[in-house]
Amino acid sequence: MHLFTPNHVSLIAACYPSSSVLASSGPEYRPNAQELSKLTYYAANRPGKINKLGGELEKRVKAGCHKAQYGNARARASLLITLSVLRALAVECRRDISLLSPALVACLKVTLDSLSSDLEVVARAASVFTAWCTFTDGHVIEADSNLARDYLAVLRRFAQLSTADVKSVDHELRNRTRLVGLAALTGAVNSEALYCSSNQYKPQVSIISRALLFHVMNAELSVLDECAEAIKSNATSIYLAEFRSRPVIERRAASIHAHVDGESGPSSFDVLTTSLRALQHMIQHSDGAQMELLMLATFEGLSDLKVWEKLDQSRWLAQKACEWAQYQYRYAVPTRLVEQLLLIQDSLICTAQHRALATMVPAVFTSPVPLVNLSTSDIISNLITLVLRRISIDPQDALLSSLVECISSLGAHIYYSDQIQDLASELVSRLVTVEMQGVTGRDKEPGDRRRSQAIRCLLAGLLGFMRAADGSQVVADDKNTPQNIPSSSIPQNNDPSQRPLSHLSRRTRVSGEVWHETLSLLCDGDYSVRSDYAHTLVDYLRKEIPKRGDMTDENGVRRFRPLIEGSPTHQANNIGILSYGDSATRSLHATHAYLFILATTSSLGISFNSTPSPAYSASGDIPSIGVTAPTPQNESGPVNGHSTDPQGSSPARRSPGLLARIRKSSNTQRLLESVPEKVSAAASASLSDYALILYVLSAIHEEVPTRGLLVGLPMLMALHGTTDIEDGTNEASKQRVKVIHELLARVWLVLGRVWECTELVALAEKALSTMDAAPTLPSLPEFIPGVLRPAQTEVRFPSIEAEGTVGLWSSVNAEEALAILVSSKSVQDATGLDRQGLLRRCSAKWTVDTALRDSADRPSNHRMMESGSPLLKLSPALMAIENLSLQSLTRSVRGVGVTDLRDALEGRAGASNPALVRRPSVSTLECSPSLDLRSSPLGLTRSRSRPKKRAVTSSAGEVRDVLNRLGIGKQNGSSLLKASFQSPA
């Protein structure tokens, strides 16, 4: 060594064996241990010399790499020893690792660029890289742009090695090469260098995730599950120790070797396990913002690898990403999946990426992994926007069924009690907008096909997430196959105690106020919409509608609950429900009205004008489309901002847009004007429509028999009255009358079976047995809830020429059937009415107009009293009950104290105690009148304004009243209260 050689150069040179034995120092190629200790001691105690040491080692690495490329064995051995020296310095100088970082990373870059095919050199370089990743805090990368560039270059090299396909018949060599690269990437994943800077996170994670996804997406699903279980059972990697959880001073850097003598080479299972472990650690260590960047990098990696076609692996990846993410950041996975779908929504064709993303979303929502901080409202809004956009491009887009499944899966996890109610309100609001305004296509012209397809998709999603919320699995064997005649006279069991545990739910049921907005779809112009909605409505009736007052399900025994059973308050409430209606009863009124319109009217659907509408907006709002209709009518809504649902859990109906509401009222008015007095051949309903009417009516009487009886019987009598045609009527009208008679006969049969009325059953069966073979109601195809099925086609009436003369048959006599039914003891017990009361109620004149007005919200005199006392719903039945006065039910039970005396003296008698206030008599002068569908919606009805309250002043009577209640006032002879001390005589 030269006399004037710098000390740091001498210390480095002393670590190498002599030139004569340098080439034969293998296979370990280690520096001299004693001299290496001197070097590391020198560097640790003189941090200022670390830059010089790094510069000298960088010179040696460049020289060694240049010579080793041409097969120089000594240069290769010297390079391996230099890399060992670098690693030793990184470990011992961990406190000052930032001073060594530029030279160390530069050495790694030169080595990997020159000798990437030499596995032993690469393994030694990976060991150095892992040591640096262990101890660095990452801030030096943000501060030094050259270092950041070299670091990303080194990451790319290791990523290429982890996916290298070595051209050799030896699979162990390929697996070793990949495993060395994955070990280095795992070091980067567990390093602070990846997470310390948001600016540097995205480029790093893009490189790392693509390499890791290569192994995940190319593995079989069974192997992935096996590897995931192996990771869960063995938390410590056999190839790399996890060190990020320890302080820097206590961390130990892993040593990576290309091969250990005596051990068999790694298998493909080991490679996949290492890859999954690195992916798991990267997801676990990422926060919310980093999770979003990681998801974006994942999408880019899947696109680069062109593996979107592998749907099973994509679903598995999405589920594991949610499972491995931190609990509070799991929401980022489904949110980014939906947002990625929105980014590519304008594609003219359904690509593999569309299909994969659409299958990953329900995989996340239906997995058992819980999610928090998830905005389900934003998710469903984005999904609805995506559905409408895809329909505007192509009504038969292949992605629609998958998007419906995405919407349905939102009900799989209930995060708060009103979630399904809120989702239904959001979806129904958009559904009404589509119903009234349609969907424009790329040519900016409204299309009935697009509108019908959009409605059907939203209906399938609505029913899907309601069923998913109850734990129902949407599978092929869960079919709601309708029958013309119900096979059982006993309705389905709605006893929560008898259902499977998966069906129990504490969620709020979708109220009739929300569902009311959709009932007009029964009279839609497209049969496929009418068919899908009828099945959706039946499912709502069977599983969602409140069955208050209809059934008692105690101890598994199903029986009708008499309305006069229970406490007087409960009796009054039940009778008030039937008299004025809760949300479910009002929905039943509207349902019967629309069914009557469907059976008789000659004008169904909505007519659009030819004015072109604006283009579809990116925000998902539907452009307006003109509707030709008479002057719009006012639509009933909540009064004073309150809902009338007696259960108190249903919020007020969420109104759609003002324009959609006006057009909806206009369409209702048009339907009202088209209802004829008698059935004629001009009616639009087909044979399939009458089968749907039977299906819905059967469900009503089976699921809500008491309310269905009181609400539906007048409608049945009115429908029977429309069939009284003259003898000279044409054959087509007779044909339709015959079908309506069959419909009514089958409904009477259902009523007889539900109420166990054998006489009525015999009467209906006798009439049906005398009916000719055709025309008869067709059977309805099977229906799978929550699944978008192909558009159904209707069965029309056969031509008169083919049928010949239609002979009228002996149908069920409606008056006789009604008399039998109201005489039934079970009906009287359930309704609490005698025969005359039932006959009077069911024989009342029924019209569509009155039914729609009954479906509107009632005025405020039938609402809860607005006071500080317990809320009561007033009805005539309430005051008829003995010993139940308004005063006794609203009187406060709080005692009178000194505060009340002070308030009385200051003129605030009753401000603190409602027991001191006399209640005013009930008045209807301030109540808004019932809404008339035939009146103008824009006209304001005059009503008596509330008088101003006079200033409250104290009076002697009020003070005396308080003193008497306190027992310190003047006592009369009849009072039981005596003074504490008697005055002397």
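The lining of the second largest cavity in this predicted model comprises 8 nonpolar residues, 1 polar residue and no charged residue. Its members are Leu279, Ile283, Leu294, Met295, Thr298, Leu317, Ala318, Ala321 and Met360. Three elements each give two or more residues to this lining: helix H14 (268-284), helix H15 (288-305) and helix H16 (311-324). The volume enclosed is about 90 Å³. Rolling a probe the size of a water molecule over the atoms shows where empty space is left. The count of cavities of 30 Å³ or more comes to 10.

Attention now turns to Thr359, a residue of helix H18, which spans residues 352-365. Thr359 counts as buried because its relative accessibility is 13%, and the cut-off for a buried residue is under 20%. A polar atom of the Thr359 side chain lies 2.7 Å from the backbone oxygen of Ala356. When residues up to four places away in sequence are set aside, Thr359 touches Leu311 and Arg315.

The wider setting is the protein as a whole, with 40 helices and 2 strands. Of its 985 residues, 53% are buried. Among contacts with a separation of 6 or more, 80% are accounted for by residues 24 or more positions apart. The accessible surface of the protein amounts to about 43400 Å², and carbon and sulfur atoms hold 50% of that area.

Key:
Residues are numbered from 1 along each chain as its sequence is written. This is a predicted model: local features need pLDDT of at least 70, side-chain atom pairs count only at pLDDT 80 or more; totals for chains, interfaces and linings use all residues. Side-chain values use heavy atoms; hydrogens and water are left out. On a 1 Å grid over the protein atoms alone, a cavity is a set of points where a 1.4 Å probe fits but cannot get out, and a pocket is an open set with protein on both sides within 12 Å along at least five of seven lines; lining residues have an atom within 4 Å of a point. Grid points are joined across faces, edges and corners, and a volume is the space filled by probe spheres set on the points. Helices (H or I, at least four residues) and strands (E, at least two) are DSSP runs, numbered from the N terminus. Ala, Val, Leu, Ile, Met, Phe, Trp, Tyr, Cys and Pro count as nonpolar, Asp, Glu, Lys and Arg as charged, and the others, Gly among them, as polar. Buried means under 20% relative accessible area, exposed over 50%, partly exposed in between (1.4 Å probe, protein chains only). Contact means heavy atoms within 4.5 Å. Accessible areas come from the Shrake-Rupley method with a 1.4 Å probe; for residues, only the protein chains shown count as cover. A polar contact is a pair of N or O atoms within 3.5 Å; within protein, one must be able to donate a hydrogen and the other to accept it, and residues adjacent in sequence count only if both atoms are side-chain atoms.
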